[in-house]
Amino acid sequence: HFSHKQTDGSSKHVECSLFYFFSVMRQVKECASSFRGCLLFLKKNPFLVLTVYIKCLLFSLCLGLVFLSGFFHMKNKSYVIPKSHEELLLPSTACRAKTNVMFLKTHKTASSTVLNIMFRFAERYNLTVALPAGQLVHLGYPNTFVASFVEEFQAIGQNYNIMCNHLRFNPSEVQKVMAANTFYFTILRNPIRLLESSYVYYKSSVPAFRTSKDVNEYLASPTKYYRPADYKQNIYARNIMWFDLGYDNNAEDDKKYIQSVLKEIEQNFHLILIADYFDESMILLKRSLRWDLDDVIYFKLNTRSQDTVQTLTPESEEQIKVWCSLDWKLYLHFNQSFWRKIEETIGLEELEKEVNHLRTRQKELMETCLLDQEAVGKDHIKDKALLPFQSGAAHILGYNLKQGLDNRTLRTCQQMVMPELQYTSYLYAVQHPHKKRKQLGLPLLWTTAREKTQTPAPS
């Protein structure tokens with residue numbers, strides 16, 4: 001076993017056994033000694049040259065087989081030399097898990113749930129997260145991302161493992177923060193459902209939404225309310241996924257332009273998930289990153305109560321396909337590639353089995369952790385430290401945990417239900433204890449002293 005020392009002083013253990021390497025080297029040493037003995041034997045016994053020659057030849061063949069067996073063993077076990085010494089291979093996933101991961105957190109796409117998954121994985125293996133600098137809770141959004149938006153980038157450099165807070169994608173700047181072998185992924189959602197959700201969530205803050213009565217009135221004549229000149233205030237009102245990916249959400253719907261953007265996105269990201277098939281997405285993510293099932297188990301976060309969902313008319317649904325045509329074509333393209341990847345890598349029959357397994361495990365954890373077995377309205381959340389941020393006309397739901405849980409189970413359950421802002425603030429305090437904690441105006445669930453609950457290194 002060996003360890004990798006980061007610039008912040010934290011030791012991260014690479015739990016990959018080097019047994020075969022050292023066993024081969026021991027045998028090489030033994031073989032070298034035997035070969036020297038063979039030469040001395042020849043000098044003293046010239047009449048047995050032929051016999052000893054044959055023995056030495058056989059011994060050389062055995063020596064070659066030792067090297068070959070070590071080589072093929074490593075090949076069959078998928079042991080590879082990392083491209084960068086910064087890559088960290090950690091416990092449980094037996095030297096295979098990808099731990100340098102960048103998740104582009106798009107808006108209103110179940111991305112808060114994915115962020116929770118990423119934060120939990122980072123905590124489990126003591127990874128370094130690229131967190132927003134100072135009192136920011138986003139990485140400079142809606143401004144195009146630059147590396148200086150990350151806390152202590154100048155000191156830490158390209159030694160971050162996880163990046164997952166909101167940002168507007170800018171690959172050249174992200175690459176300054178993340179290692180060369182980083183796995184990039186994001187998530188998209190059907191724009192019809194996305195725009196309705198966006199309208200309710202940002203109703204009070206987006207000028208294009210503010211003066212319309214409801215989402216159907218807005219969509220009946222969107223240009224009446226939407227002003228492209230106010231694009232930074234109105235980004236949530238049109239082609240928001242296109243904008244998050246770093247492109248102009250008011251661009252013309254030109255076939256050649258769209259194709260070039262889609263090609264560029266395919267080059268920038270290893271995987272595109274689909275929120276409308278979230279469980280299937282988690283299975284594909286688990287396999288792509290070679291993570292454990294528990295790493296992608298989740299409780300839905302940042303969801304809203306059904307009484308705030310507005311019903312779209314058929315005319316409004318069709319209008320979204322036109323008004324948000326860039327997002328619509330983006331979604332259609334990657335929805336197809338998503339299912340094509342499923343068929344090529346998993347198969348529908350195996351996918352169904354793994355999804356059922358995920359849901360069974362999710363139910364087990366809900367029964368263990370949750371008092372109400374489901375999300376509850378903000379007024380019914382007992383621990384205000386677990387109260388999610390409330391926005392616009394949406395009533396964001398949260399969770400109550402069972403009483404009497406042992407410390408380790410309680411901590412796991414708290415992580416599963418921790419809202420995005422609180423979790424960001426907590427990790428910031430842990431990684432940057434000398435900095436002022438992010439002020440959220442909410443009670444603190446955890447102190448800055450990290451509990452010793454990381455997964456122990458296997459012996």
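On helix 12, the residues Lys-255, Lys-256, Lys-263 and Gln-267 are exposed, and they sit on the side opposite to the buried one. The buried residues of helix 12 are Ile-258, Val-261, Leu-262, Ile-265 and Asn-268. These buried residues cover an arc of only 125° around the axis, which puts them on the same side of helix 12. The model is a predicted one, and the points below follow two of its helices, then its aromatic rings, and then some individual residues.

**Helix 12**

- Helix 12 runs over residues 255–268, and because a helix rises 1.5 Å a residue, its 14 residues should span 20 Å, which agrees with the 20 Å between its end C-alpha atoms.
- The general rule behind such a two-sided pattern is that an α-helix has 3.6 residues a turn, so residues three or four places apart point the same way.
- The buried residues of helix 12 are covered by parts of the chain that include helix 5 (171–177), strand 5 (183–188), helix 11 (240–244), strand 6 (271–274) and helix 16 (325–345).
- At the start of helix 12, the backbone nitrogen of Lys-256 has a side-chain oxygen of Asp-254 within 3.3 Å of it.

**Helix 17**

- Helix 17 covers residues 348–369, and its 22 residues should span 32 Å at 1.5 Å a residue, while its end C-alpha atoms are 31 Å apart, which agrees.
- The buried residues in helix 17 are Leu-351, Glu-354, Val-355, Leu-358, Gln-362, Leu-365, Met-366 and Cys-369.
- Those buried residues cover an arc of only 120° around the axis, and therefore they lie on the same side of helix 17.
- The face of helix 17 that is turned away from the buried side carries Glu-349, Glu-352, His-357 and Lys-363, which are exposed.
- Among the elements that cover the buried residues of helix 17 are helix 13 (278–289), helix 14 (293–296), helix 16 and helix 18 (407–417).

**Aromatic rings**

- The whole structure contains 24 aromatic pairs, and a pair of this kind is described by the distance of the centres and the angle of the planes.
- In one of these pairs, the rings of Phe-119 and Tyr-423 have their centres 5.2 Å apart and their planes at 65°, so the pair is edge-to-face, a term that applies to planes over 60 degrees apart.
- This pair links distant parts of the chain, since Phe-119 belongs to helix 3 (residues 111–124) and Tyr-423 to helix 19 (residues 420–431), with their positions 304 residues apart in the numbering.
- Phe-119 counts as buried because its relative accessibility is 0%, and Tyr-423 is also buried, with a relative accessible area of 1%.
- The rings of Tyr-199 and Tyr-218 have their centres 6.2 Å apart and their planes at 35°, so this pair is tilted.
- Tyr-199 lies in helix 6 (residues 191–201) and Tyr-218 in helix 8 (residues 215–220), so that the pair links parts of the chain 19 residues apart.
- Tyr-199 counts as buried at 1% relative accessibility, and Tyr-218 counts as buried at 0%.
- One aromatic cluster is formed by Tyr-199, Phe-209, Tyr-218 and Tyr-225.
- A lysine lies over the ring face in two places: Lys-108 is at 3.6 Å from the ring centre of Tyr-201, and Lys-438 is at 4.1 Å from the ring centre of Tyr-428.

**A buried asparagine**

- Asn-234 is found in helix 10 (residues 231–234), and with a relative accessible area of 0% it is buried.
- A polar atom of the Asn-234 side chain lies 3.4 Å from the backbone oxygen of Arg-227.
- Leaving aside residues up to four places away in sequence, Asn-234 touches Val-206, Pro-207, Ala-208, Tyr-226 and Arg-227.

**Backbone details**

- The peptide bond from Tyr-141 to Pro-142 is cis, with omega near 10°, and Pro-142 has its place in the loop between helix 3 and helix 4 (153–156).
- Lys-108, in the loop between strand 3 (101–104) and helix 3, has a phi near 60°, a positive value in a residue other than glycine.
- Lys-108 is buried, with a relative accessible area of 13%.
- Asn-126, in the loop between helix 3 and helix 4, has a positive phi of about 55° although it is not a glycine.
- Asn-126 counts as partly exposed at 25% relative accessibility.

Technical notes:
Residues numbered from 1 in each chain as written. Predicted model: local features only at pLDDT ≥ 70, side-chain atom pairs only at ≥ 80, totals over all residues. Heavy atoms only, no water. Helix = DSSP H or I, 4+ residues; strand = E, 2+ residues; numbered from the N terminus. Expected span 1.5 Å × (residues − 1). Buried < 20%, exposed > 50% of the residue type's maximum accessible area, 1.4 Å probe, protein only. Arc of directions from axis to C-beta. Contact = heavy atoms within 4.5 Å. Polar contact = N/O pair within 3.5 Å; in protein donor to acceptor, adjacent residues only side chain to side chain. Phe/Tyr/Trp six-rings, centres within 6.5 Å; stacked < 30°, edge-to-face > 60°. Lys NZ or Arg CZ within 6 Å of the ring centre and 35° of its normal.
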